[in-house]
Amino acid sequence: MKKAWIPFAALFLLAACEEEIDLQIGNDAPVLLMNAQLRTDDTLHAVVLNRSLLSRLELLDGANVTVTVNGTERIAATPREKNGYYNGSLYCFRADFKAGDHVRIDAVHGEEHAFAEVDFPEPVTIVSVDTVRTEMPGYYGYWSYQFRTRIRDIAGIDNYCRVTMERLAAYELETGDAGERMHWEDQERTGFDASSDPIISDGIMASSGSDDLFGDLMPGNAYCAFTDRLFRDGDCTLRVEAPLGSFVSYYTPFSYPVRERHFYAVVKLYTMSLYQYRYLRAIDNFEAFGYEMSFLVEPTSLPSNVKGGIGFVSAETCAEARILMPASLIPDEPRYYRPVTGEE
Amino acid sequence: MRKWICAGAALLAVLSAAAQPRGTATVSGYITDLSSSETLIGAGVLLDNGARVPVGAVTNPYGYYTLTIPKGDVRLQFSYVGYESQMRRFSLQRDTVINITLAPSEVLSESRIVASKDAGIQSTYLGAIEVPLAQIQNTPVIFGEADVLKAIQMMPGVQGGTEGTAGLYVRGGGPDENLILMDGVPIYNVDHMLGLFSVFQPEAVKKVTLYKGSFPARYGGRVSSIIDIRTNDGNMKETHGSFGLGVVSQKFHLEGPILKDKLSYSLSARGMHTAIFAPVIKALMPKGEYANYFFYDLTGKLSWRLSDNDRFFLGAYSGRDKFGLHFDDAAEGHTSSLEGGDPYRSTNRSDMDLHWGNDVASLRWNHLFSNRLFANTTVSFNRYKMHMGSVTLDRTVMEKGTRTVSYDIGYRSGIRDWSGKIDFDYVPMPDHLVKFGAEYIYHTFIPETLTILDSETDYDGVTRNDHLEFGNTKKGYYGHDISLYVEDDISVGDRLSVNPGVHMALFLTDGKPYWGFQPRLSAKYAFFDGFSCKAGYARMAQYVHLLCSAQVSLPIDLWVPITRDIRPVTSDQYSAGFYYDGLKGWEFSVEGYYKDMRNILEYKDGTLVIASSKDWEKNVEMGQGRAMGVEFFAQKTAGKLTGWLAYTLAKSERRFPDGTINMGEWFPYKYDRRHSVDLSVNYAITRNIEANATWSFASGGTTTLYTRTTAVLDPEGSLEEADFVAHRNNYRLPPSHRLNLGISFHHPHRRWGEGIWNLSVYNVYNRMNPNFVYLRYESVRDPETREFETHLIMSKITLLPILPAISYTFKF
């Protein structure tokens, strides 16, 4: 009698079983995956094709990619050499898109055919950009710029935007003894801090700086995407900060003497569709916790606007403003970058 | 305050005297059990005057009835399901008090009650069901443990959560949308063993009523259901009790008089500890590790009949679950692999525990201001708390000294309520039963906090202490919850009864008031003998939320209040139905509903669901829900064979328009189950042998699966592989069903009482219903192409296959 409990205990502990369920989700049925980013501020565009399988991606070489603009103009995208940057097959084309354009991209590979249709939205405009120079807190002697970008919403519709900043270095180089000049520009994305802006951080989860144990893991807003919820049909001012050094670059690929040099901060405001806004927020989630589903993280649904396949083709209309950084504030460059003026 | 109440009551008494029609008088009193003096809730009083539709009344939740009828010779029938009816004939000349005692019947007899019943087919309300206590006690469930909430899960429109657990999802609502009241006091956590058992001990329960449709105006605070559980008052005549030994738990119940017919007590205890399985657990776990678990429930009540007009009840409940995990490790060696290194000896000890539970205390006062005005006043305290802790001690002993490092980690949350309420039952005229009252609840939400105490004593004896705190640093969030209600059950002629009501609420939090005007309306029309139809509307509001993951449900799920930014959940429910009880001993109903919910909360896509409460409002989204369905219910209420068959066709969806969840599109709720069937049968084979069977079927719930690999292209041009999920809850799990059987053998002892052996089998045909599911990849080589193909496999874990159980209960 004393050991009568043993069978019952053992029964419960050992009876738990594991069994497989047939998912019936078409294991490994290949699907064409198409991704592309189309922007009005760029003329060279790339379509990235893959074949999506259950657990991996395959390259999709040898496809025909056609771009149709406004139903009439057809452009054939040409395959590019493998690029280590992309884990996909690249098809590139040149086009100068503008707001209101309707673009359809068709990708055909054997029997597989997928397409996406996107419209370039009217842009939310930049009214003005003011700057305030402040000393970076905790960094004595390091100067930071606060860019106060006033933007104007498009009335009557919901708008979705993201903001970026770029550094533009413009050089006038003397290419010959006779005073020939060459204009050269170097423009690239630069980092900035938008975490204190109420519009850009609107609706963003607890993130870095939070007292929560895993607060730093919470998805942030890496691409500074925002809605016009807080300034619908009106104006608002976005406040972002960046250190002065972000806009200074002394490097040129040429050894010609530099006759003039100007540094600009470029504020770019991209207007996008609601779906693209959600796509960017989904990417934020992926970047916070990795790209695989996790038990303690709510699943993230990923928008797809590709018919006959999956993927996302985005279309962004860009508005930009250039701010010339005052020469008086530009620190002296290192000696080895100092321009050759002939006076030394 | 008391002055105002008395003045108001006196005014009502005067008004009622004035309102009473000439030539009528009021009969009132308590109806109690003959052997125990336990008040009977919902017992009927019927004026047998040969009318086509007889006049009657029922007892309220405190066993009190009042009936105003014409003076003269009257015949009153007093009846209650499972009791012998009594007929009283007398000449009624003035207001009269008649307290009645009814004797239990061995076979369930039919009791047809026509008036003002609070629940059931005869009541004016829709979706109001009295869950038969006999059915709760006899329904075979897991490990042979009778369970109140498991019996409720078998009602139409009610779904269980994870297989075998006590979760409740009523008419498409969430787990926090059910107000579960124990003697009128809300219970926040109702689960033991992650939901395998509920905290309610059937021996301590007297009445269970489920409301899921046109809610009475006296209830508020949740949007999907009200489960009103009333506990035993205690035997006023003699001492009785029971003890039970089961496979998992042991239980004990004792009740009796302290002062006969004046003061009684009722005490119930139940507990389970894995200590009795210790050898098995140790054998299954790695050396140096040990796990244990226990839970207990303690329910007690003192009932004091001060006079015919005043009764007091002091009730208390305490319940806990505790899970512990212990690690012990030791090592010896040298600091260097080379001989000659310093020898050391290190020990590591770690204790982790997770415990959670409720404490409830309440004091009630029943007072009769007049035979037509009854008042119940309740003050109560209610607390739910959860604590997860871990203590780790590392100790390294070397020649140069001893180094000790300890970590003490604590993670806690909870909720605490103080409340006071007063309820009145008032019969101003024969055709009206007015209920009105007020309630005030002071909520303290103890938010999730995590503290880490880190202490290190180095070899040189120097000690360093660190104290880190994460999560909410506020000691609490507070809410003032004030509500008033009034409802009137009106009989309009013989056939029509209407119950209009309104529940008004004010919730004050963070300095912001939320006003809630919640109209309720139920109407019933009796066509002809036995056939009736009902229609109803109810608006409900909810001021507290349970933050829980869409994927897992844990005791660490967090109760949070509404705030400045998080608005109350509100719902509008429309329901209508047809009913038939013209066949003796049978009840049939078909009821349809449509429920619209607003401001329901869910974690946003990509949220980490633990330890993220600091800015929890940013992590959740308010959205909308809609649920609709049709419920068919056939119940046999009398005879040797009793039970019911319920079928529900239902749909429940959610949408979060801001787009942070499922891109703002509608998606099926996690427990959106299209079809569910529940059959429950009790059969008294002989006087001493009862057989029970239940069969349940439910369409599969939903879960979110990635269905392939995709690539995301970020604005910087980086392409990353990712799991592709097109929609939340995109996969429907297979249906679950099971048959449970039980048989009880009663052995009456002439002197001592009765022994009951219960044999039961849970999941008789061993259906592998899933408790948990997870995904994994499996590579299989194609025999023809010799290439590997990857398959996505979903595995389900079934914790509850066929489980026989035996239990013994001795009643004395």
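Here is a short chat about a predicted model and how some of its features get their labels.

Modeller: Quick ground rules: residues are numbered from 1 along each chain as its sequence is written, and chains are lettered from A in the order in which they are written. Since the model is predicted, local features need pLDDT of at least 70, side-chain atom pairs count only at pLDDT 80 or more, and totals for chains, interfaces and linings use all residues.

Colleague: Why is H2(A) called mostly covered?

Modeller: A residue is buried if 20 or more other C-beta atoms, placed from the backbone, lie within 10 Å of its own. In H2(A), 13 of the 16 residues are buried.

Colleague: What makes residues 274–289 of chain A a helix, and how does its reach compare with the expected one?

Modeller: Helices are DSSP runs of H or I with at least four residues, and this one has 16. The expected span is 1.5 Å times one less than the number of residues; that gives 22 Å, and H2 of chain A reaches 23 Å from first C-alpha to last, so the two are close.

Colleague: How do you know that S5 and S6 of chain A pair?

Modeller: Strands (DSSP runs of E, at least two residues) pair if DSSP finds at least two bridges between them. S5 (64–69) and S6 (73–79) of chain A have five, in the antiparallel sense. Val69(A), for one, is bridged to Glu73(A), and in the hairpin Asn70(A) takes a positive phi near 55°.

Colleague: What makes S6(A) and S7 of chain A a pair?

Modeller: They have two bridges, also antiparallel, so they meet the cut-off of at least two. Thr78(A) stands opposite Cys92(A) in S7(A).

Methods. A residue is buried if 20 or more other C-beta atoms lie within 10 Å of its own, exposed if 12 or fewer, and partly exposed in between; C-beta atoms are placed from the backbone.
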